[in-house]
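This report describes a single protein chain for a reader who is new to structural biology. Please keep the sequence and the structure in view while reading.

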Amino acid sequence: HIPARIVQGRYDMVCPLENAHSLHQKWPASELYIVRDAGHSASEAGTVDALIRAVQDLAKGLDAAD
């Protein structure tokens, strides 16, 4: 029941996409964001954008709970 956003780079060779997908399948309250042009680094432009949007999305959910 705990919400989560999983941000995964499509070309990540350290943590394969299959791992993120498996985690998402086992975590019903999660959403999986796949960054098409990213690898493992959190500093890649597409990943930074997805992480910011994920945090903003989660924050909106917290505001709605107040």
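What percentage of the 66 residues of the chain count as buried?

## Burial and surface

Of the 66 residues, 21% count as buried. The term refers to residues with under 20% relative accessible area. The model discussed here is a predicted one. The chain exposes about 4,800 Å² in total, and 59% of this area is supplied by carbon and sulfur atoms.

The surface also carries a nonpolar patch, formed by I2, L23 and W27. Together these three residues have about 270 Å² of accessible area. I2 is placed in the segment before β1, the strand that covers residues 4-9.

## Confidence in the model

The mean pLDDT of the chain is 94, and 97% of the residues reach 70 or more. Among the elements, helix α1 (residues 17-26) has the highest mean value, 98. The lowest mean, 91, belongs to helix α2 (residues 45-65).

## Overall architecture

The secondary structure consists of two helices and two strands. Read from the N terminus, the elements follow the order β-α-β-α. The C-alpha trace spans about 40 × 25 × 15 Å along its principal axes.

Contacts give a further view of the fold. Among contacts with a separation of 6 or more, 64% are made by residues 24 or more positions apart.

## Salt bridges centred on R5

General chemistry offers a starting point: side chains of opposite charge can pair when their charged atoms come close. In this chain the count comes to three salt bridges.

One of them joins the side chains of E31 and R5, with an N to O distance of 3.8 Å. Because E31 lies in strand β2 (residues 30-35) and R5 in strand β1, this pair ties together parts that are 26 residues apart in sequence. E31 counts as partly exposed, because its relative accessibility is 35%, and that class lies between the limits of 20% and 50%.

R5 also forms a salt bridge with D57, and here the closest N and O atoms are 2.7 Å apart. This second pair links distant parts of the chain, since R5 is in strand β1 and D57 is in helix α2, 52 residues away. The side chains of R5 and D57 are likewise joined by a polar contact of 2.7 Å. D57 has a relative accessibility of 28%, so D57 counts as partly exposed.

Which residues are linked with R5 in a network of salt bridges? The network consists of R5, E31 and D57. Strand β1, where R5 is found, is thus joined through R5 to E31 in strand β2 and to D57 in helix α2.

The surroundings of R5 can be described further. Leaving aside neighbours within four places in sequence, R5 is in contact with A29, E31, Y33, A54, D57 and L58. Both salt-bridge partners, E31 and D57, appear in this list.

## A salt bridge within helix α2

Another salt bridge brings together the side chains of D49 and R53, at 2.8 Å from N to O. Where do D49 and R53 lie? Both are in helix α2, four residues apart, which is about one turn of the helix. D49 has a relative accessibility of 40% and therefore counts as partly exposed.

Technical notes: Residues numbered from 1 in each chain as written. Predicted model: local features only at pLDDT ≥ 70, side-chain atom pairs only at ≥ 80, totals over all residues. Heavy atoms only, no water. Patch = residues over 30% accessible without salt bridge, like charges linked within 9 Å, V, L, I, M, F, W, Y side chains within 5 Å. Areas by Shrake-Rupley, 256 points an atom, 1.4 Å probe, with all protein chains shown as cover. Salt bridge = Lys/Arg side-chain N within 4 Å of Asp/Glu carboxyl O. pLDDT = per-residue confidence, 0-100. Buried < 20%, exposed > 50% of the residue type's maximum accessible area, 1.4 Å probe, protein only. Contact = heavy atoms within 4.5 Å. Polar contact = N/O pair within 3.5 Å; in protein donor to acceptor, adjacent residues only side chain to side chain.
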